[in-house]
Amino acid sequence: MRIVARVAAVAGWFLLYAPLHLLHKLTGRPSPWPRRFLRGATRALGVRARIHGEPAGRHTLLLPNHVSWLDILILGGATGCAFVSKDQLGHGFVHWLADQNDTIYVRREHVKGAKDQAIALARALERERPVAMFPEGTVGPGTALLPFRSTLLEAANYAAKDVVLRPVVIDYGAEAAAIAWYQEPVLDNIKRVLGRKGRLDVDVHLLDPLDRSGDRKQLAAEARAAIGSALGFTTDRPSPIGAAR
């Protein structure tokens, strides 16, 4: 019953905000409704996010750690950011939802097209909203960081605007390992997370911008070190996706 109640609450927010969003799109102006939906959905799922640090401004590339599908709701609701995502999201409705939030799609296996993907990300960073990219490339175990991929950080150099790179810490505290969507079937994780008892408190720390003087690999290493330090991680686990490129 807990799962049904939470899904129903999220559906209620969607039914309320989706028509308003679609009508707003007719004006040609950026819609505030995706962010409001993500914020409402976060609370409907029993998650309370506490935001720390200076708000993310325009032309900002956010580099958060990745633990759960909840990260999307939490970070999108907190910052109003668009996301970089793999181009295959499964169900068409999920893809449609991502489109409404101006998602930038990439093909991770398409190495030869990395420059074109970085340029596409650069164009998104020239707009008025921040963009979030999970540099681990997939969800981690919650108890350690996977290697950070650096290829798309080149977007900061292609953008016509002065792009700010900011590491972001999504901290589930003692619940991180239990929440983590790591080597677990999608539906099993969703049911387990939706069925959990009580409130889930999450701290989101928007860290200071990185010094842009380093190359992309240095920037990835610095972002990873800053996030790891904030989370108190001292050891690494091997990555299921291989070394960073």
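**A nonpolar patch, a helix crossing and a covered helix**

W96 lies in helix α4, a helix that spans residues 92-100. In this predicted model, W96 has a relative accessibility of 31%, so it counts as partly exposed, a class that runs from 20% up to 50%. W96 also has company at the surface: together with L22, F93 and L97, it makes a nonpolar patch of about 330 Å². Helix α4 gives the patch its largest share, namely three residues. As for how such residues can end up side by side, an α-helix has 3.6 residues a turn, so residues three or four places apart point the same way.

Next comes a pair of helices. Helix α1 covers residues 2-25, helix α8 covers residues 186-194, and their axes come within 8 Å of each other. The crossing angle is roughly 95°, which means that α1 sits roughly perpendicular to α8. On the α1 side, the contact is made by R2, I3, R6 and V7; on the α8 side, K191, V193 and L194 take part.

Helix α3 is a good place to look for covered residues. This helix runs over residues 70-79 and is mostly covered, with eight of its 10 residues buried. Buried here stands for a relative accessible area under 20%. The buried residues of α3 are L70, D71, L73, I74, L75, G76, G77 and T79, so the list takes in glycines and an aspartate as well as leucines. Right after α3 comes G80, and its phi is positive, near 75°.

Key: Residues are numbered from 1 along each chain as its sequence is written. This is a predicted model: local features need pLDDT of at least 70, side-chain atom pairs count only at pLDDT 80 or more; totals for chains, interfaces and linings use all residues. Side-chain values use heavy atoms; hydrogens and water are left out. Patches are made of residues with over 30% relative accessible area and no salt bridge: like charges are joined within 9 Å, nonpolar side chains (Val, Leu, Ile, Met, Phe, Trp, Tyr) within 5 Å. Accessible areas come from the Shrake-Rupley method with a 1.4 Å probe; for residues, only the protein chains shown count as cover. A salt bridge is a side-chain nitrogen of Lys or Arg within 4 Å of a carboxyl oxygen of Asp or Glu. Helices (H or I, at least four residues) and strands (E, at least two) are DSSP runs, numbered from the N terminus. Buried means under 20% relative accessible area, exposed over 50%, partly exposed in between (1.4 Å probe, protein chains only). Axes are lines fitted to C-alpha atoms, for helices over the stretch in contact, and angles run from 0 to 180 degrees between N-to-C directions. Angles under 35 degrees count as roughly parallel, over 145 as roughly antiparallel, 65 to 115 as roughly perpendicular and the rest as oblique. Contact means heavy atoms within 4.5 Å.
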